[in-house]
Amino acid sequence: MYSFWPGLLTRLAAVPMIINMLGALLITKLPILWGGAPLFHAESGWWDFIHESRADLAQLCGSVFLFVVGAGSYSLDARLARTSLKPTAGTGSAPN
């Protein structure tokens, strides 16, 4: 048995990260794609956009993955789900 159970409310925690990364891409990296970025005068176009936003896109993909898949079978979320699904004594029907 593990003494440390990571992953409590992983899907809920992934939502603000997805919003954060979408905001970072829209506010700071999209002007590079359009060619109007004040900090990057010489950079514009698709390849410059992808190059500058690679860390943001990686964090966005990781957050979307955690939102879709969840924390996994060794997480607190999974452990709480298993314990809440176990029937308590005296609630089941008698065997035939």
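In this predicted model, S53 makes contact with L25 and K29, once neighbours within four places in sequence are set aside. The residue sits in the loop between α2 and α3. Despite that loop position, S53 is buried, its relative accessible area coming out at 0%.

Just ahead of this loop comes the aromatic part of the story, in helix α2 (residues 46-52). The count of aromatic pairs comes to one. The partners are W46 and F49, with ring centres 5.9 Å apart and planes at 40°; an angle that is neither under 30 degrees nor over 60 counts as tilted, so that is the label this pair gets. Along the helix, W46 and F49 are three residues apart, which means about one helical turn separates them. As for cover, W46 is partly exposed, at 48% relative accessible area. F49, by contrast, has a relative accessibility of 10% and is classed as buried because the limit for that is under 20%.

Then there is the outside of the model. V15, I19, V64, F65, L66, F67, V68 and V69 together make a nonpolar surface patch of about 700 Å². Two helices, α1 (10-34) and α3 (54-69), each put in at least two of the patch residues. Helix α3 has the largest share, with six residues. F65 is one of the patch members, and its place is in α3.

Definitions and conventions
Residues are numbered from 1 along each chain as its sequence is written. This is a predicted model: local features need pLDDT of at least 70, side-chain atom pairs count only at pLDDT 80 or more; totals for chains, interfaces and linings use all residues. Side-chain values use heavy atoms; hydrogens and water are left out. Patches are made of residues with over 30% relative accessible area and no salt bridge: like charges are joined within 9 Å, nonpolar side chains (Val, Leu, Ile, Met, Phe, Trp, Tyr) within 5 Å. Accessible areas come from the Shrake-Rupley method with a 1.4 Å probe; for residues, only the protein chains shown count as cover. A salt bridge is a side-chain nitrogen of Lys or Arg within 4 Å of a carboxyl oxygen of Asp or Glu. Helices (H or I, at least four residues) and strands (E, at least two) are DSSP runs, numbered from the N terminus. Rings of Phe, Tyr and Trp (its six-membered ring) pair if their centres lie within 6.5 Å; planes under 30 degrees apart count as stacked, over 60 as edge-to-face and the rest as tilted. Buried means under 20% relative accessible area, exposed over 50%, partly exposed in between (1.4 Å probe, protein chains only). Contact means heavy atoms within 4.5 Å.
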